[in-house]
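Welcome! Take a moment to look over the sequence and the 3D view, and then use the notes below as a guided tour.

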Amino acid sequence: MTQPAPQIPAPAPPPDPHQPSTPAGTADREPGPLRKAMAQHIRILQDAYHRDSPQAVQALARLRRGIGRQASETPDLWGLVGIEAFYAGQPDDRRPSEAEALRAERAAHVAVTLWALHQQSNRARRMHVGDGISLGTAVRRLMSGTDRDEPIQKRLVRAGTATTFDVLSHRLRELVVLLRKAEIPLDYGLLAEQLDQWQKPGGPRLVRQAWGRSFHAYRPPTASGQPENDASEAPRNGATDNEPKDQT
C-alpha cells in the first residue's frame with residue numbers, strides 16, 4: 001500500500017493587526033535564561049574553535065562523545081555543557097524547581113552536543129548563529145525543489161512527531177548531519193529553548209507548530225544574501241496547528 005506523502009504542519013494564521021506584535025524567536029516574551037545561556041556558551045566555544053584553540057578542539061571532541069547519551073550519564077561533560085549560566089541567569093536569584101532543572105539540563109545537553117557534531121571539522125563557517133534560524137528554516141534551506149526533497153521533508157516530519165525525548169534527539173541528529181554537509185547553520189540557543197518547551201505538557205505540539213511555521217514562511221535569499229522572511233519562532237502558547245501524521 002502506497003504511503004501518503006509526509007505533510008508539514010500548516011502555518012499559523014496571520015497575527016491580528018490590532019494586537020501588539022512580538023519579535024521573532026520569542027514566545028510572547030524575551031528569550032529566557034536557557035536560550036541566553038546556551039547561545040553565549042556555544043558562541044564562546046565556537047570562537048575558540050575557530051581560533052584553533054587546542055582546548056576548544058578537545059572540548060568539541062568530548063561533547064560529540066556525549067551524543068545519544070543521557071545528560072545524567074555524562075559526568076565527564078560537567079563544565080562543558082554550559083548549564084551553569086542558566087542557573088546564574090535566573091531572575092531575582094530564583095532557584096529552578098527540580099523539574100525545571102531536569103528539563104533544562106536535558107535540553108542543554110542535546111543542544112550543545114548536536115552543535116559540536118554540526119561544527120565538526122569546519123573552521124571556515126560558524127554553525128551556531130544567534131539570529132533565530134530555527135530547525136524549520138534550516139531544513140527548508142536544504143531543499144532544492146526536486147524529487148530529492150521528499151526524504152528531507154520526511155525527516156523533519158519524523159522529528160516533529162517523535163513520541164519520546166530520546167527519539168526526538170536521535171531524529172534531530174539525523175537532520176544535523178545533513179545540515180553539516182550543506183554548511184547550513186542553526187540557532188542552537190533557540191533549539192535548546194524549544195527542547196525545554198518540548199518536555200512540558202503540550203510542548204511537543206507547540207514546538208512542532210513553530211518548526212512548521214518557520215518551514216512554510218522561509219523565502220530564498222534576496223540579492224543581498226539575506227532571506228526575505230524568516231518566521232523562526234519559539235512555540236507560542238495557546239496556538240493551534242494541523243498536526244502531521246507520523247511516518248514510519
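**A short tour of the helices and their loops**

Keep in mind that this is a predicted model. We start with helix H4 and the nonpolar core, move on to a pair of packed helices, and finish with some backbone angles.

**Helix H4**
- Helix H4 (98-119) is built from 22 residues and spans 31 Å from its first C-alpha to its last, close to the 32 Å expected at 1.5 Å a residue.
- Is H4 largely enclosed, and why? Of its 22 residues, 16 are buried, so H4 is largely enclosed by the rest of the structure.

**The largest nonpolar core**
- As background, nonpolar side chains in soluble globular proteins tend to be buried together.
- Here, the largest nonpolar core has 53 residues, and Leu34, Leu168 and Leu195 are the ones that touch the most other members.
- The elements giving two or more residues to this core are H1, H2, H4, H5, H6, H7, H8 and H9.
- H4 provides the largest share of this core, with ten residues.
- Try finding Leu195 in the view: leaving aside neighbours within four places in sequence, leucine 195 is in contact with Ala107, Val110, Ala111, Phe165, Leu168 and Leu172.

**How H8 and H9 pack**
- Two packed helices are described by the angle between their axes and the distance between the axes.
- For H8 and H9, the angle is about 145 degrees and the axes are 7 Å apart.
- On the H8 side, the contact is made by Leu191, Gln194, Gln197 and Trp198.
- On the H9 side, Gly203, Pro204, Leu206, Val207, Ala210 and Trp211 take part.
- What kinds of residues make up the contact of H8 with H9? They divide into seven nonpolar, three polar and no charged.

**Positive phi angles**
- Most residues other than glycine have a negative phi, which makes the next few residues worth a look.
- Aspartate 52 has a positive phi of about 65 degrees although it is not a glycine. You can find aspartate 52 in the loop between helix H1 (33-50) and helix H2 (54-65), and its relative accessibility of 45% means that it counts as partly exposed.
- Glutamate 183 is not a glycine either, yet its phi is positive, at about 55 degrees. Its place is the loop between helix H7 (165-182) and helix H8 (188-198). With 30% relative accessibility, glutamate 183 counts as partly exposed.
- Serine 121, just after H4, takes a positive phi of about 65 degrees.

Note on methods. Residues are numbered from 1 along each chain as its sequence is written. This is a predicted model: local features need pLDDT of at least 70, side-chain atom pairs count only at pLDDT 80 or more; totals for chains, interfaces and linings use all residues. Side-chain values use heavy atoms; hydrogens and water are left out. Helices (H or I, at least four residues) and strands (E, at least two) are DSSP runs, numbered from the N terminus. Buried means under 20% relative accessible area, exposed over 50%, partly exposed in between (1.4 Å probe, protein chains only). A nonpolar core is a set of buried Ala, Val, Leu, Ile, Met, Phe, Trp, Tyr and Cys residues joined through side-chain atoms within 4.5 Å. Contact means heavy atoms within 4.5 Å. Axes are lines fitted to C-alpha atoms, for helices over the stretch in contact, and angles run from 0 to 180 degrees between N-to-C directions. Ala, Val, Leu, Ile, Met, Phe, Trp, Tyr, Cys and Pro count as nonpolar, Asp, Glu, Lys and Arg as charged, and the others, Gly among them, as polar. The expected span of a helix is 1.5 Å times one less than its number of residues.
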